[in-house]
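Please read the report below alongside the sequence and the structure. It goes from the chain as a whole to its sheet, its helices and its aromatic rings.

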Amino acid sequence: MAVRGRDARGRRPRLPRRAAGLVLAVLLTASACAAPADADTTLTVREIDATLERRAAAVLARDPAGYLDVLAPDAAKLRAAQRTELANLADVPLKSWSYEVKGITEEDGDWATAEVELRYRIDGYDTAPVAARRTLELMRDGERWYVSADRPAEGASDQLWHQGEVEVVRGAHSLVLGVGRPEEELRQIADTVDLAVPAVSDAWPQPWARRVVVHVPDSVESMAALLGSPETSYRGIAAVTTGEAGTTGERPALADRVIVNPQAYASLGSFGQRVVLTHETTHVATRTSTSTATPVWLSEGFADWAAYRGEDRTPDLIAPELTGAVRSGDVPAGLPDDKDFGFDGDPAELARAYESAWMACELIAERWGKEKLTAFYAAVGAHPGRDGAVEQALGSVLDTTPEEFTADWRDYLSARLG
């Protein structure tokens, strides 16, 4: 899709004739008035910013001509692809769309490669932007820069609209964006999220947006592409939540997206689908209170607790793998580590990790109360780092120690599942 900035021999293409005079003038005067390199780079960034501001304005105005106007005139494949991408976005209700040049990684006269951060918000749903890193190649013609290539930055991934035309379904508390999926499927997902939001608000009474954006790609392969991970990691996973935990300085956490694996999700019954989307909605609600100090057992256990608390299911049905282990005398020695929640491990061990985490949060809610559980979660997330976070919150909120809590949790497993 991207139009590269060099020819088949690795050379930069020749500039259009009308730019040649400018280049010659620069070469003739360079020795007499050369500016420092950092000043040149600052000027280049400012000029590229102007190009990207025009591009952003065209996106928000739904202006194809303006959008294409910032692309290199002879980049036919890029122009066709970008025209399609803008059309794919047509129904998405955008509140904002902007670019920030993070750096120039290569500059050679009238050619440059820039690392750029795209930020956008969906109107009525995002209180903070989604960020996507892009690598742009640009060429200067006269006094303007034009985009000649646009691709995900190294380690980043494309967005949903890069995969096809986005269909939009609105719910009372949800916005479902799908590519290549039936409208009735997207509507059913929106209805399920609309049930999840009030349930989560009851479990997590602290302020949150109470609106959820869901992405439904056409396959698990497309889901993995959005997440920048191998598809094998998600084949049995019905949905995941993306987002930036906690806050950085005064900047709020960036917006979350729930991404559904359509094949795995469809294999669930209504109970399983409801639990999955309530679980993921809980991650959205608790995001600003979740930080690097929060162990995975607490974030996943709390999400499962919120998802199951309104369901009429006994613990042995909710935690079958852990029940089997406890009844065979294999009671876990301690709470699961972060690594136990990896998607690429043994499915039975992964299930036991989630079930163990859920039972830990069940214990807190039953013995200390729901308010103490949410206070404990918030206290752990507010700690400056992982070391000591759980220990301090156990003492200050629950008046217990890690050793006492682990012993109580093991006894609780035996009593409830044995």
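The protein chain, seen here as a predicted model, has 15 helices and 9 strands. Buried residues make up 49% of the 418 residues in the chain, and among the contacts with a separation of 6 or more, 64% are between residues 24 or more positions apart.

**The sheet**

Five of the strands form an open sheet in the order 5-6-7-9-8, and the pairing within this sheet is mixed. Strand 5 (167-170) and strand 8 (239-242) each have a single partner strand and stand at the edges, so one side of each is left without a neighbour in the sheet. From one strand to the next, the twist averages 20°. Strands of a sheet pair through backbone hydrogen bonds, and they may do this in a parallel or an antiparallel way. Strand 5 and strand 6 (residues 174-178) run antiparallel and are joined by 4 bridges; R170, for its part, has L175 in strand 6 as its bridge partner.

**Helices around the sheet**

Helix 8 (residues 270-286) lies across strand 7 (212-216), strand 8 and strand 9 (257-260), and its direction makes an angle of about 10° with that of strand 8. Helix 6 (residues 220-227) has V220, S222, M223, A224 and L226 as its buried residues, and these pack against strand 8, strand 9 and helix 7 (262-266). Just after helix 6 comes G228, which takes a positive phi of about 65°.

**Two helices that cross**

How are helix 9 and helix 12 placed with respect to each other? Helix 9 (residues 296-308) packs against helix 12 (residues 347-367) at an angle of about 70°, with the two axes 7 Å apart. Angles of 65 to 115 degrees count as roughly perpendicular, and therefore helix 9 is described as roughly perpendicular to helix 12. On the side of helix 9 the contact is made by W297, L298, E300, G301, F302, D304, W305 and Y308, while helix 12 contributes Y354, A357, W358, A360, C361, E362 and A365. Sorted by class, the residues in this contact are 11 nonpolar, 1 polar and 3 charged.

**Aromatic rings**

The structure holds 14 aromatic pairs, and two of them are set out in the table.

| Pair | Centre to centre | Angle between planes | Arrangement |
|---|---|---|---|
| W204 and Y377 | 5.5 Å | 75° | edge-to-face |
| Y308 and W358 | 5.7 Å | 65° | edge-to-face |

The pair of W204 and Y377 links distant parts of the chain, since W204 sits in the loop between helix 5 (183-203) and strand 7, whereas Y377 belongs to helix 13 (residues 370-382), 173 residues apart. Are these two residues buried or exposed? W204 is buried, with a relative accessible area of 1%, and Y377 also counts as buried, at 0% relative accessibility.

The other pair in the table likewise links distant parts of the chain, with Y308 in helix 9 and W358 in helix 12, 50 residues apart. Both Y308 and W358 are buried, and they are also among the residues that make the contact between helix 9 and helix 12. Elsewhere in the chain, W97, Y99, Y120 and W161 form one aromatic cluster.

Note on methods
Residues are numbered from 1 along each chain as its sequence is written. This is a predicted model: local features need pLDDT of at least 70, side-chain atom pairs count only at pLDDT 80 or more; totals for chains, interfaces and linings use all residues. Side-chain values use heavy atoms; hydrogens and water are left out. Two strands pair if DSSP finds at least two bridges between them. Helices (H or I, at least four residues) and strands (E, at least two) are DSSP runs, numbered from the N terminus. Axes are lines fitted to C-alpha atoms, for helices over the stretch in contact, and angles run from 0 to 180 degrees between N-to-C directions. Contact means heavy atoms within 4.5 Å. Angles under 35 degrees count as roughly parallel, over 145 as roughly antiparallel, 65 to 115 as roughly perpendicular and the rest as oblique. Ala, Val, Leu, Ile, Met, Phe, Trp, Tyr, Cys and Pro count as nonpolar, Asp, Glu, Lys and Arg as charged, and the others, Gly among them, as polar. Rings of Phe, Tyr and Trp (its six-membered ring) pair if their centres lie within 6.5 Å; planes under 30 degrees apart count as stacked, over 60 as edge-to-face and the rest as tilted. Buried means under 20% relative accessible area, exposed over 50%, partly exposed in between (1.4 Å probe, protein chains only).
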